[in-house]
Structure formats: structure tokens, C-alpha cells
Amino acid sequence: MEFEIEVRPYADPAVARMVEEVQAEYVELYGGPDAAAVDPTEFSPPHGLFLVGLVDGAPVAMGGWRRLDEDAAEIKRMYVIGTVRRRGYSRLLLAELERTAAAAGLTRLVLNTGPEQPAAIALYQAVGYQPVDAFGHYACHPGALFFGKQLTVSTTA
């Protein structure tokens, strides 16, 4: 199986389908969908970027970053469909999110997740994400977890 990553708009039908799937998963895990506001235009360059991972041409993973300020962006909607989990696709997608954010001049990525997603937490910690101060919609939520990572900005074109 070949894994490829493409830039797609947040309004892409494959993205919409996976957003519905991840929201349904949040309902199962947490009792409700992610209530943080998402404006699809936030994921359009230069303010952000949205990526879709494909296996043999079929969309199976997604994730994006949206700029918070001059130096930082937030990762949102990291998701891999259940039938292809534990194959390293989330790690590949996350690495590409980091690479593209650094290429856009960002020096830090942040994200939030929850305690019911131990695989996500393990992934983020394994690749260098550390706990950071709470931010955004879930800043006051007692169960929310917040992570961040300093990026190495490439000096080569």
C-alpha cells in the first residue's frame, strides 16, 4: 500500500466525510462533538494548510494547521480512519504538517486533545510534543490536554 499526502481544501468532500467520522468518534469518547469553531478559510495558505493522506488513492487520513499568530499555529482535525490505524500514517501526516508549517516560517505548533485518546497522546509525546499552557475553546475544560513543539525552520529552499 502506497501512502501519499496531498494538499486539499477543508471543504473537500473527502475531508467533510472524515470530519463527520471524527466528530462521531468524539461523541462516543466524550459525549459530544468538538465544539471549537473551525472556519474552513483558516486552513487556506498563507493562514494555514490542510492535508489528506491517501492509501492507493483512497483518502484515509487528514490534518491541518491554522495560524494563531506570527510564530505559531494550531493543529486541528488529525484523524486516521479506523480500518488503517496503527500503520504509521498519523506519524507521516504529522511530520508533513510540521514540515509545511516550518516552511511557512512558523516556529511552534500547538494542539489539544483529551484523555480518551491515548494513542494520539503517545504519538505526540513520541515526536517531541510537550505540555503547554491551555488555550482556545477548551482552555477552561478540566479534562483537556494541551501540547506544543518548537519547530526547526529550514534554511534551505
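Colleague: Leaving aside neighbours within four places in sequence, which residues is Leu 94 in contact with?
Modeller: In this predicted model, Leu 94 lies in helix α2, and its relative accessible area of 1% falls under the 20% cut-off, so Leu 94 counts as buried. One of its partners, Ile 75, is 19 residues away in sequence, with 9.0 Å between the two C-alpha atoms. Once the neighbours within four places are left aside, the residues in contact with Leu 94 are Ile 75, Met 78, Leu 123, Tyr 124, Val 127 and Tyr 129.

Colleague: Which members of the largest nonpolar core touch the most other members?
Modeller: In soluble globular proteins, nonpolar side chains tend to be buried together. Here the largest nonpolar core holds 41 residues, and those that touch the most other members are Met 62, Trp 65, Ile 75, Leu 94, Leu 109 and Tyr 129.

Colleague: Which elements give two or more residues to this core?
Modeller: Both helices and strands are represented, and a second, separate core of six residues, including Ala 36, Val 110, Phe 135 and Tyr 138, is not part of it. The elements that give two or more residues to the largest core are α1 (13-30), β2 (48-55), β3 (58-67), β4 (72-80), α2 (89-103), β5 (108-113) and α3 (118-126).

Colleague: Which residues of α2 are buried?
Modeller: Helix α2 has 15 residues and reaches 21 Å from its first C-alpha to its last, close to the 21 Å expected at 1.5 Å a residue. An α-helix has 3.6 residues a turn, so residues three or four places apart point the same way. The buried residues of α2 are Tyr 89, Leu 93, Leu 94, Leu 97, Glu 98, Thr 100, Ala 101 and Ala 102.

Colleague: What value does phi take at Gly 105?
Modeller: Gly 105 is found just after α2, and its phi is positive. The value is about 90°.

Colleague: Which element gives the most to the lining of the largest pocket?
Modeller: The largest pocket holds about 1100 Å³ of space and is lined by 38 residues, with Tyr 26, Met 78, Thr 113, Gln 117 and Ala 120 lying nearest its centre. By class, the lining is made up of 20 nonpolar, nine polar and nine charged residues. At least two lining residues come from each of α1, β4, α2, β5 and α3, and the element that gives the most, with six residues, is β4.

Colleague: Is Arg 77, with its positive phi, buried or exposed?
Modeller: Most residues other than glycine have a negative phi, and most peptide bonds are trans. Arg 77, in strand β4, has a positive phi near 60°. Because its relative accessibility of 5% is under the 20% cut-off, Arg 77 counts as buried.

Colleague: Is Asp 56 buried or exposed?
Modeller: Asp 56 sits in the loop between β2 and β3, and although it is not a glycine, its phi is positive, at about 50°. Its relative accessibility of 58% is over the 50% cut-off, so Asp 56 counts as exposed.

Colleague: Where is the residue Pro 46, and is it buried or exposed?
Modeller: The peptide bond from Pro 45 to Pro 46 is cis, with omega near 5°, and Pro 46 is found in the loop between α1 and β2. Leaving aside neighbours within four places in sequence, Pro 46 is in contact with Trp 65 and Arg 67, while its C-alpha lies 9.1 Å from that of Arg 66, 20 residues apart in sequence. Since the relative accessible area of Pro 46 is 56%, over the 50% cut-off, Pro 46 is exposed.

Colleague: Which residues is Val 84 in contact with, beyond its neighbours within four places in sequence?
Modeller: Val 84 belongs to the loop between β4 and α2, and at 8% relative accessibility it counts as buried. The C-alpha atoms of Val 84 and Val 55 are 9.0 Å apart, with their positions 29 residues apart in sequence. Beyond the neighbours within four places, the contacts of Val 84 are Val 60 and Tyr 89.

Colleague: Which residues is His 137 in contact with, on the same terms?
Modeller: His 137 lies in the loop between β6 (130-131) and β7 (145-150), and its C-alpha is 22 Å from that of Leu 97, 40 residues apart in sequence. Leaving aside neighbours within four places in sequence, His 137 is in contact with Ala 35 and Ala 36.

Notes. Residues are numbered from 1 along each chain as its sequence is written. This is a predicted model: local features need pLDDT of at least 70, side-chain atom pairs count only at pLDDT 80 or more; totals for chains, interfaces and linings use all residues. Side-chain values use heavy atoms; hydrogens and water are left out. A nonpolar core is a set of buried Ala, Val, Leu, Ile, Met, Phe, Trp, Tyr and Cys residues joined through side-chain atoms within 4.5 Å. Buried means under 20% relative accessible area, exposed over 50%, partly exposed in between (1.4 Å probe, protein chains only). Helices (H or I, at least four residues) and strands (E, at least two) are DSSP runs, numbered from the N terminus. Contact means heavy atoms within 4.5 Å. On a 1 Å grid over the protein atoms alone, a cavity is a set of points where a 1.4 Å probe fits but cannot get out, and a pocket is an open set with protein on both sides within 12 Å along at least five of seven lines; lining residues have an atom within 4 Å of a point. Grid points are joined across faces, edges and corners, and a volume is the space filled by probe spheres set on the points. Ala, Val, Leu, Ile, Met, Phe, Trp, Tyr, Cys and Pro count as nonpolar, Asp, Glu, Lys and Arg as charged, and the others, Gly among them, as polar. The expected span of a helix is 1.5 Å times one less than its number of residues.
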